[in-house]
Amino acid sequence: MAELRLEGNFLHRLPNEVSALQHLKAIDLSRNQFHDFPEQLTTLPALETINLEENEIVDVPVEKLAAMPALRSINLRFNPLNAEVRVIAPPLIKFDMLMSPEGTRAPPP
């Protein structure tokens, strides 16, 4: 399976079994209720695209993301990211990290 689409499912965490998806290239977890970044994703060597738009994520494991070999893009728009992530991430990462301007709220559904 190359792509896993779980958007809009009221998820707040991923099962540990996700770590077994070694060939997963893209995961869409947008419009869920994640408060913590799902760290299992950082163990997936083929993962290229992560969509976590419209969640409640404050902190992101920037160092772990920076070490992911295939990662090309992560969408964190409309998450209440802390200022530290916004400062630390850009110099460390070699992929696109999409973020909303600080304080931006998601548009109503």
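Is alanine 106 buried, exposed or partly exposed? In this predicted model, alanine 106 counts as partly exposed, because its relative accessibility is 30%, a value that is neither under 20% nor over 50%.

**View 1. Alanine 106 and its surroundings in the segment after β5.** Alanine 106 belongs to the segment that follows β5, and its relative accessibility of 30% makes it partly exposed. When its neighbours within four places in sequence are left aside, alanine 106 is in contact with Glu54 and Phe78. A second alanine, alanine 83, lies 23 residues from alanine 106 along the chain, and the C-alpha atoms of the two are separated by 18 Å.

**View 2. Phenylalanine 78 in the loop between β4 (73-75) and α2 (83-92).** Phenylalanine 78, one of the contacts of alanine 106, sits in the loop that runs between β4 and α2. The backbone angle phi of phenylalanine 78 is near 60 degrees, which is a positive value in a residue other than glycine.

**View 3. Arginine 31 in the loop between β2 (26-28) and β3 (49-51).** Arginine 31 also has a positive phi, here near 55 degrees, although the residue is not glycine. With a relative accessible area of 46%, arginine 31 is partly exposed, since a residue is called exposed over 50% and buried under 20%.

**View 4. The open sheet of five strands.** The strands follow one another in the order β1-β2-β3-β4-β5, and their pairing is parallel. At the edges stand β1 (3-5) and β5 (96-98), each of which pairs on one side only. Neighbouring strands of this sheet are turned against each other by 5 degrees on average, with direction ignored. In general, the strands of a sheet pair through backbone hydrogen bonds, either parallel or antiparallel.

**View 5. The pairing of β4 with β5.** These two strands pair in the parallel sense over three bridges. Within this part of the sheet, asparagine 75 stands opposite leucine 98, a residue of β5.

**View 6. The largest pocket and its lining.** The space in the largest pocket amounts to about 200 Å³, and 15 residues line it. Nearest the centre of this pocket lie Arg31, Asn32, Glu54, Asn55 and Glu56; among them, Arg31 is the partly exposed residue of View 3, and Glu54 is one of the contacts of alanine 106. By kind, the lining of the largest pocket divides into four nonpolar, seven polar and four charged residues.

Note on methods. Residues are numbered from 1 along each chain as its sequence is written. This is a predicted model: local features need pLDDT of at least 70, side-chain atom pairs count only at pLDDT 80 or more; totals for chains, interfaces and linings use all residues. Side-chain values use heavy atoms; hydrogens and water are left out. Helices (H or I, at least four residues) and strands (E, at least two) are DSSP runs, numbered from the N terminus. Buried means under 20% relative accessible area, exposed over 50%, partly exposed in between (1.4 Å probe, protein chains only). Two strands pair if DSSP finds at least two bridges between them. Axes are lines fitted to C-alpha atoms, for helices over the stretch in contact, and angles run from 0 to 180 degrees between N-to-C directions. Contact means heavy atoms within 4.5 Å. On a 1 Å grid over the protein atoms alone, a cavity is a set of points where a 1.4 Å probe fits but cannot get out, and a pocket is an open set with protein on both sides within 12 Å along at least five of seven lines; lining residues have an atom within 4 Å of a point. Grid points are joined across faces, edges and corners, and a volume is the space filled by probe spheres set on the points. Ala, Val, Leu, Ile, Met, Phe, Trp, Tyr, Cys and Pro count as nonpolar, Asp, Glu, Lys and Arg as charged, and the others, Gly among them, as polar.
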